[in-house]
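Please describe this protein model. Cover its aromatic contacts, its strands, its helix packing and a few individual residues.

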Amino acid sequence: MNLLKKGLIFTLILSFVLITGCGTNGSGSSTGGQAGAAVNGAQGSGAKEPVTIEFWYGLGGKLGEQMKALIDEFNASQQEVIVKGIVQADYSETEKKLQAAIASGDVPAAVLAANVDWARKGYFAELDEMIAHSPDFNKEDFVQTFLSQGQVDGKQYFLPMYGTTQVMYYRKDKFEQAGIQAEDIKTWEDLAAAAAAMTEREGGKTKVYGWEPMWGSENMIDAVLSKGGRILSEDGKTVMIDSPEWVETWSLFRKWIHEDGIMRIHYGGQGWEYWYKTIDDVMKGQAAGYTGSSGDQGDLDFTQLGAMEQPGWAGVGEGKPVASAILAGIPAKASPEQQQAAFKWFSFFNNSKNTAAWSMNTGYIAVRQSALDDPDFVAYSEQNPQSKIPLMQAAHASAPFQDPTGGRINDALKIAADKVQIENLPAEEALKEAKAVAQKALDSMK
């Protein structure tokens, strides 16, 4: 739901590293270079057993089933590597257990986890050399926003497994009744005009809201980034959340919700109650559309709904909402042979065929743009056109903000969002207060 939400609830979705390893998979490729040499040498000698590695991942339910199926397919497809999947409760438990494993020196060779600080401390292996020795590794084919999220200080330490972003879901009947075409909504100004046209009132009460943003700071941050706003200055020393891009954007959201009454948010309640209330409004025809996670698609009825990308702003350009990747890495204490085996497994997971299949089966975003050309995905997307929207949006998305204060800047933004969305306070006032708190936190890190 929010950029972390569906990831933690349904455990997110979609894809991993294009290097095309495993030549027996349908997309046909070989790891090549160093990884291929290590594995092929072992096979050619006839003396060595397959390299067995552990892959730790915190996925349950359907995601866990999909992961197990891919592991089984990989193991059956070749004789050089055997992957043993070790299921953890969730992402947090995976990281906790990995921390203990690193301390003991007994680590898995592959793990669905990423930690920038641990990479800087040398706990994860750099992947650039393995990538360089893999001629089929095509960096340009990755969704660049996802690939770059695995880089630390200019070096590739992690590879994207799958991604998520927040897109727009709308009722086809409401759009048709108002004479609105989804493809005509290019800007937030367009969306506001459409929302006004679709809002229905009766007896002084609103029966149907034109749009429902999701509670919290994320939707409004997406809109700010699309307008060219930044959270920090380029040198990372100054908090920028009271700039004109921020004030203008958040002021419009406040106006649309509290003055114009063409939008509303659900907030509070237990857990993700507000999220499901928002979805329910749309499914019951009490709202014409809402902004939600790419991972919502499994819960929605697309006989009634359509999907579209988040808009940009008039005179600025296309939208640049955040797209987040779920990353995997190779612990540095794994042996060289195990590291090569882990890289081969990651290559298999992330070939075009498998990343496309992961997207179709889970609803999250494939990490390779060539997934759009996979024959199965093409056929699926013809029947389910909404499935292409998250990947298309991710191709021009913004990377998630890495809070250098350990979360205090993000917390200040959440408080400011509540003041605007719930308390109807002026955006400029809320953001200036948030900036003072955030700047103090940033300065304390020096």
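The report below goes through these topics in turn.

This is a predicted model, in which local features need pLDDT of at least 70, side-chain atom pairs count only at pLDDT 80 or more, and totals for chains, interfaces and linings use all residues. Residues are numbered from 1 along each chain as its sequence is written, and side-chain values use heavy atoms, with hydrogens and water left out.

**Aromatic contacts**

A search of the whole structure finds 27 aromatic pairs. Rings of Phe, Tyr and Trp (its six-membered ring) pair if their centres lie within 6.5 Å; planes under 30 degrees apart count as stacked, over 60 as edge-to-face and the rest as tilted. The pair of Phe74 and Trp345 is tilted, because the ring centres are 5.4 Å apart and the planes stand at 55°. Phe74 belongs to helix α3 (residues 61-77) and Trp345 to helix α13 (residues 336-349), so this pair ties together parts that are 271 residues apart in sequence. Helices (H or I, at least four residues) and strands (E, at least two) are DSSP runs, numbered from the N terminus. Both Phe74 and Trp345 are buried. Buried means under 20% relative accessible area, exposed over 50%, and partly exposed in between (1.4 Å probe, protein chains only).

Phe74 and Trp345 are also members of one aromatic cluster. Its other members are Phe55, Tyr57, Tyr162, Phe346, Phe348, Phe349, Trp358 and Tyr364.

Trp313 has a charged partner. The charged end of Lys227 sits over the Trp313 ring, 4.5 Å from its centre. A charge sits over a ring if NZ of Lys or CZ of Arg is within 6 Å of the ring centre and within 35 degrees of the ring normal.

**Strands**

Strand β6 (residues 158-171) pairs with β11 in the antiparallel sense over 7 bridges. Two strands pair if DSSP finds at least two bridges between them. Thr165 has Ala323 of β11 as its bridge partner. Strand β11 (residues 323-329) is largely enclosed by the rest of the structure, because 7 of its 7 residues are buried. Ala323, Ala325, Leu327 and Gly329 point one way from β11. Ser324, Ile326 and Ala328 point the other way.

β6 also runs antiparallel to β10, and 4 bridges join them. Here Met168 stands opposite Met308 in β10. Strand β10 (residues 305-308) is covered on both faces. Leu305 and Ala307 are buried on one side, Gly306 and Met308 on the other.

Strand β7 (residues 200-202) and strand β8 (residues 205-208) form an antiparallel pair with 3 bridges. The bridge partner of Arg201 in β8 is Thr206. Their hairpin has 2 residues between the strands, and Gly203 takes a positive phi near 60° there.

**Helix packing**

Helix α10 (residues 218-226) packs on helix α11 (residues 244-259) at an angle of about 135°, with axes 9 Å apart. That makes α10 oblique to α11. The crossing of α10 past α11 is right-handed. The axes of α3 and helix α14 (residues 352-362) come within 10 Å and cross at roughly 155°. That makes α3 roughly antiparallel to α14. α3 also passes α14 in a right-handed crossing.

Axes are lines fitted to C-alpha atoms, for helices over the stretch in contact, and angles run from 0 to 180 degrees between N-to-C directions. Angles under 35 degrees count as roughly parallel, over 145 as roughly antiparallel, 65 to 115 as roughly perpendicular and the rest as oblique. A crossing is left-handed if the near helix is turned anticlockwise from the far one by less than a right angle, and right-handed if clockwise.

**Individual residues**

Most residues other than glycine have a negative phi. Asp153 and Asn424 have positive values although neither is a glycine.

| Residue | Phi | Loop | Relative accessibility |
|---|---|---|---|
| Asp153 | about 55° | between β4 (151-152) and β5 (155-156) | 57%, exposed |
| Asn424 | about 65° | between α17 (408-421) and α18 (427-443) | 33%, partly exposed |

Thr278 is in helix α12 (residues 273-283). At 0% relative accessibility, Thr278 is buried. Its C-alpha lies 9.1 Å from that of Gly292, 14 residues apart in sequence.

Ala371 sits in the loop between α14 and α15 (375-383). Ala371 is buried too, with a relative accessible area of 0%. The C-alpha atoms of Ala371 and Lys353 are separated by 6.8 Å, and the two residues are 18 apart along the chain.
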